[in-house]
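Visitor: I should like a close look at a single part of this structure, followed by an account of how the surrounding elements are arranged. Please take the matter step by step.

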Amino acid sequence: MTTPMLQVKDLNVFYGNIHAIKGVSLEVYEGEIISLIGANGAGKTTILQTISGIIRAKSGHIYYNGVDITKTRAHKILRMGIAQVPEGRQIFSNLTVLDNLELGEFSIKASQEDKKAEMERFFERFPRMKERANQLAGTLSGGEQQMLAMGRAIASRPKLMILDEPSMGLSPIFVKQIFSTIKTLSEEGVTILLVEQNAMMALGISDRAYVLETGKIVMEGSSKELANNESVKKAYLGA
């Protein structure tokens with residue numbers, strides 16, 4: 001069987017004496033879109049931040065293309081090809097759009113010509129951002145800031161992109177555009193791990209999904225199966 005691109009095995013994470021993540025295991029294969037759904041406070045962001053090296057696990061292992069990255073520092077994980085778009089976007093509001101994008105490119109080794117070409121591809125993907133290239137990022141709308149956060153991650157040329165609540169607080173038109181971009185990125189060969197409050201949209205775009213409750217995986221399967229599961233529909237899909 002093919003080795004997973006990302007494999008989380010029996011992950012345990014604590015905040016002081018609080019056991020936040022309890023023996024979580026999950027797998028992401030190359031080319032997949034995987035959704036991680038659950039209520040607020042279930043531990044979804046904690047899992048993503050542990051994968052990205054921002055939080056340290058108490059025990060368990062995280063493998064990326066077969067390499068144990070459990071104790072690898074965040075900046076090295078980024079250089080290995082894992083980029084995270086964090087919840088709340090966390091752009092540099094006092095820098096311009098262009099500055100934010102160039103920071104995304106900082107981690108990659110490429111010629112100036114290649115970096116310039118990558119920037120043009122971003123502006124082709126998000127045309128309205130080209131008009132705002134020299135605008136301070138903090139003056140953008142919430143939807144535009146989310147585009148910029150995704151663009152900054154894309155600029156690092158990730159093989160695996162981790163998205164944490166990309167549609168949070170956005171208007172329906174921006175939500176549609178963000179999900180369209182996720183699908184396009186997948187078609188271009190980027191593997192996706194998605195945490196999303198809009199479970200219906202997440203299950204609609206992903207191949208497989210995991211359901212997290214109070215730090216534990218309680219259900220997993222194809223997104224179609226979970227979307228039709230009565231308990232999932234009742235808890236997360238408003239049925």
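Visitor: Which residues of H1 are buried?

Guide: The model is a predicted one. In it, the buried residues of H1 are Lys44, Thr46, Ile47, Leu48, Thr50 and Ile51. Helix H1 spans residues 44–51, and since six of its eight residues are buried, the rest of the structure largely encloses it. Just beyond the helix, Gly53 adopts a positive phi of about 85°.

The neighbours of H1 include strands: the helix lies across S1, S2 and strand S4 (59–64), and its direction makes about 115° with that of S1. These strands belong to an open sheet of four strands, in which the order is S2-S1-S4-S5 and the pairing is antiparallel. Strand S2 (18–28) and strand S5 (67–68) form the edges, each of them pairing on one side only. Within this sheet, strand S1 (residues 6–15) runs antiparallel to S2 and is joined to S2 by eight bridges. Val13 faces Ile21 of S2 across this pairing.

A second open sheet has six strands in the order S6-S7-S8-S3-S9-S10, and its pairing is mixed. S6 and strand S10 (216–222) each have a single partner strand, so these edge strands are each left with one side lacking a neighbour in the sheet. On average, neighbouring strands here are turned by 15° against each other, direction ignored.

Strand S7 merits attention within this second sheet. Five of the five residues of S7 are buried. In a regular strand, side chains alternate between the two faces of the sheet. Both faces of S7 are covered: Leu160, Ile162 and Asp164 are buried on one side, and Met161 and Leu163 on the other. On one flank, strand S6 (residues 82–85) runs parallel to S7 and is joined to S7 by four bridges; Val85 stands opposite Leu163 in S7. S7 also pairs with S8 in the parallel sense, over five bridges, and Asp164 has Val195 of S8 as its bridge partner. Further along the sheet, four bridges link strand S3 (residues 33–38) to S8, again with the two strands parallel. In that pairing Ser35 stands opposite Leu194 of S8.

Two helices that pack on this sheet may now be added. H6 touches S6 and S7, and its direction makes about 170° with that of S6. H7 touches S3, S7 and S8, with its direction at about 150° to that of S8.

The loops at either end of H7 provide two contrasting residues. Ser167 sits in the loop between strand S7 (160–164) and helix H7 (172–187). Its relative accessibility is 5%, and Ser167 therefore counts as buried. Leaving aside residues up to four places away in sequence, Ser167 touches Val175, Phe179, Glu196, Gln197 and Asn198. Glu188 lies in the loop between H7 and strand S8 (191–195). With a relative accessible area of 51%, Glu188 is exposed. Glu188 and Met201 are separated by 13 residues in sequence and by 20 Å in space, C-alpha to C-alpha.

Returning to H6, one finds that this helix also packs against another helix. Helix H3 (residues 97–105) and helix H6 (residues 142–154) have axes 7 Å apart, at an angle of about 30°. The two helices are therefore roughly parallel to each other, and their crossing is right-handed. Val97, Asn100, Leu101 and Gly104 of H3 make the contact with Leu148, Gly151 and Arg152 of H6. By type, the residues of this contact divide into three nonpolar, three polar and one charged.

H3 has a further contact, with helix H4 (residues 112–125): the axes of H3 and H4 come within 11 Å and cross at roughly 125°. That angle makes H3 oblique to H4, and the crossing is right-handed. On the side of H3 the contact is made by Leu98, Leu101, Glu102 and Glu105, and on the side of H4 by Lys115, Glu118, Met119, Phe122 and Phe123. These residues divide into five nonpolar, no polar and four charged. Leu101 of H3 appears in the contact with H4 and also in that with H6.

Methods
Residues numbered from 1 in each chain as written. Predicted model: local features only at pLDDT ≥ 70, side-chain atom pairs only at ≥ 80, totals over all residues. Heavy atoms only, no water. Buried < 20%, exposed > 50% of the residue type's maximum accessible area, 1.4 Å probe, protein only. Pairing = 2+ DSSP bridges. Contact = heavy atoms within 4.5 Å. Axes fitted to C-alpha atoms, helices over the stretch in contact; angles between N-to-C directions. Parallel < 35°, antiparallel > 145°, perpendicular 65-115°, else oblique. Left-handed = near helix turned anticlockwise from the far one by under 90°. Nonpolar A, V, L, I, M, F, W, Y, C, P; charged D, E, K, R; others polar.
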